[in-house]
Amino acid sequence: MLEMNQLKPHLASFYQLPTLELAKRLLGSILIKETAEGTAAGLIVETEAYMGTIDQAAHSFNHKRTNRTEIMFGPPGYAYTYQMHTHCLFNVVSGPVEQPEAVLIRAVEPVFNTPLIEERRSKIKKVVDRTNGPGKLTKALGITMGDYGHELTSAPLLIAKGLNDQPEISTGPRIGIPNAGEATNYPWRFWITGNAYVSKMR
DNA sequence: GTCGAGATCCTC
DNA sequence: AGGATCTCGACG
């Protein structure tokens, strides 16, 4: 079993990587959330890059700056959470100040405190279906809108370096953005090749 | 397994 | 009013 003290949080400098590079480097990293119920963690297995001003699918397209997107205009390495229907989605802010980019975390594989994850997701029968989507993993790990703006280098919400080598990565178009014009087909979705927890396309 | 609809809430 | 989604129930 994975022990928390084995893990080294990514430093603030890690998040200065170009967004498309960061989206790939986050694969195999470990997303950790501490709550009153306990600490749970998942291996990041799927990400999507949102490229700010030039990306019609991004909330910050055309420099759209609102209360919601404000955090994307700041320095990288902070949590951008937002509400999607009945769910909270979690992004890692990327890109330098005034360059509003982010990486959406789409799926994780449970690696620590799986009993807590199972308890939070007990209604879902198949184990993989508990964390294989952006709204599912936030519920499984206990990430909420209260995490908006938190810096990801420390508790209660942080990302640590993975224990294994950089995994083999597959690439394809992003999911769920049919009305983004040209950007709909940009290959800015990344996942660990063959991983069972990658979200399903419908 | 695949499909369609409703949930339900924050943001603009 | 609309959405970077999820779940359940109805098929077959």
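1. Start with the pieces of the fold that meet the DNA. Four elements each give at least two residues to the surface near DNA strand C: the strands β3 (79-84), β4 (87-94) and β5 (101-112), plus the helix α3 (134-141). Keep in mind as you look around that this is a predicted model.

2. Now zoom in on the residues. There are 21 of them around DNA strand C, and the ones that come nearest are Tyr82, His87, Asn91, Arg121 and Gly176. On the DNA side, 53% of the strand C atoms that come within 4 Å of the protein belong to sugar and phosphate.

3. What mix of residue classes makes up the surface near DNA strand C? You'll find nine nonpolar residues there, along with eight polar and four charged.

4. A few individual contacts are worth clicking on. Asparagine 91 has a side-chain N or O atom 2.5 Å from a base nitrogen of DNA strand C. Alanine 57 also faces a base nitrogen of that strand, but with a backbone N or O atom, at 3.4 Å. Proline 134 uses a backbone N or O atom too, and its partner is a phosphate oxygen, 3.2 Å away.

5. Next, have a look at the largest pocket, which holds about 600 Å³ of space. Its lining takes two or more residues from each of β2 (38-50), β3, β4, β5 and α3.

6. Which residues lie nearest the centre of the largest pocket? They are Met84, Leu89, Leu104, Arg106 and Pro134, out of 24 lining residues. Sorted by class, that lining has 12 nonpolar, eight polar and four charged residues. Pro134 is a nice one to end on, since you've already met proline 134 at the phosphate oxygen of DNA strand C.

Key
Residues numbered from 1 in each chain as written. Chains lettered and ligands numbered in written order. Predicted model: local features only at pLDDT ≥ 70, side-chain atom pairs only at ≥ 80, totals over all residues. Heavy atoms only, no water. Near = heavy atom within 4 Å. Polar contact = N/O pair within 3.5 Å; in protein donor to acceptor, adjacent residues only side chain to side chain. Nonpolar A, V, L, I, M, F, W, Y, C, P; charged D, E, K, R; others polar. 1 Å grid on protein atoms, 1.4 Å probe; cavity = no way out; pocket = protein on both sides within 12 Å on 5 of 7 lines; lining within 4 Å. Points joined across faces, edges and corners; volume = space filled by probe spheres on them.
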